[in-house]
Each structure stands twice: as structure tokens, then as C-alpha cells.
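Reader: I am new to reading protein models and would like a close look at one part. Could you take me through the cysteines, and then the charged side chains that pair up?

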Amino acid sequence: TASRFGSWELVQELLTTMDGVAKNVRDSGRCPGCNISNVAQRFVLDTDPTDGCLLVGVRNDRHIEENVRTHSFKLERAEVEAIEKVVDKK
């Protein structure tokens, strides 16, 4: 749950940061449909020292399409650093 990450304010800061990253990814054309969950998944896949393993839930076809989008782009170094800056406050 979000409360395990930190305070409400810190969770909101992380979501705002990831939303900004998603907008940057969309605006750059790397992934036109990129959203916060795509950014979160991509961040884990790119930075997790255990080779980034994710278990994602899927309730319908739209969720499948959304999760597949995660593999259509890479985060830029500055985007990873922006997320890490918030995560490091944890």
C-alpha cells in the first residue's frame, strides 16, 4: 500500500513526479499512451538490482494493452534520477 512507502505528502510527490515523467515520455513520442503505472513499471524493470521482476494484475483487455506499453519505451537518465530523488526520501 501507499502508506508503506511513506507519508501522504511523499506519496503525492512521487505520483506527481511520475506523472511528469509520463507526460515527458508522451510528449517526446517515445510512448504516446504512457501513464503513471507504465513509468512505475519501467522504473522497477530498469533499476531493480534483482533484474526487475514484476507481477501485474490484469482484469480486462485494456489492462493487457496498458501493461504491454511498458515495454515500448525506456526512461531517460534524468527521468530515473527525478524518481530516485523522491524514492531516496523514503
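Author: Buried means a relative accessible area under 20%, exposed means over 50%, and partly exposed lies in between. The model is a predicted one, and those cut-offs are applied to it below.

Start with the cysteines. A disulfide is a covalent bond between the sulfur atoms of two cysteines. To be counted here, the two sulfur atoms must be within 2.5 Å. By that rule, the structure has zero disulfides. C31 is in no disulfide, since the nearest cysteine sulfur, that of C34, is 4.9 Å away. The reverse holds for C34, which is in no disulfide and has the sulfur of C31 as its nearest cysteine sulfur, 4.9 Å away. Are these two cysteines buried or exposed? C31 has a relative accessibility of 2%, so C31 counts as buried. C34 is also buried, because its relative accessible area is 2%.

Now the charged side chains. A salt bridge needs a side-chain nitrogen of Lys or Arg within 4 Å of a carboxyl oxygen of Asp or Glu. The structure holds nine salt bridges. One of them joins K89 to E13, with the closest N and O atoms 2.7 Å apart. This pair links distant parts of the chain: E13 belongs to helix 2 (residues 8-28), K89 to the segment after helix 5 (77-87), and the two are 76 residues apart. K89 counts as partly exposed because its relative accessibility is 47%. E13, with a relative accessible area of 33%, is partly exposed too.

Another salt bridge stays within one helix. R77 and E81 meet through their side chains at 3.3 Å, N to O. Both residues lie in helix 5, four residues apart, which is about one turn of the helix. E81 has a relative accessibility of 43% and therefore counts as partly exposed. R77 also meets E84 in a salt bridge, again with an N to O distance of 3.3 Å. E84 is partly exposed, at a relative accessible area of 25%. Elsewhere, R30, E76 and E79 are joined into one network by salt bridges that share partners.

To put the parts together: the cysteines C31 and C34 are buried and form no disulfide. Among the salt bridges, K89 with E13 links distant parts of the chain, whereas R77 and E81 both lie in helix 5.

Notes. Residues numbered from 1 in each chain as written. Predicted model: local features only at pLDDT ≥ 70, side-chain atom pairs only at ≥ 80, totals over all residues. Heavy atoms only, no water. Buried < 20%, exposed > 50% of the residue type's maximum accessible area, 1.4 Å probe, protein only.
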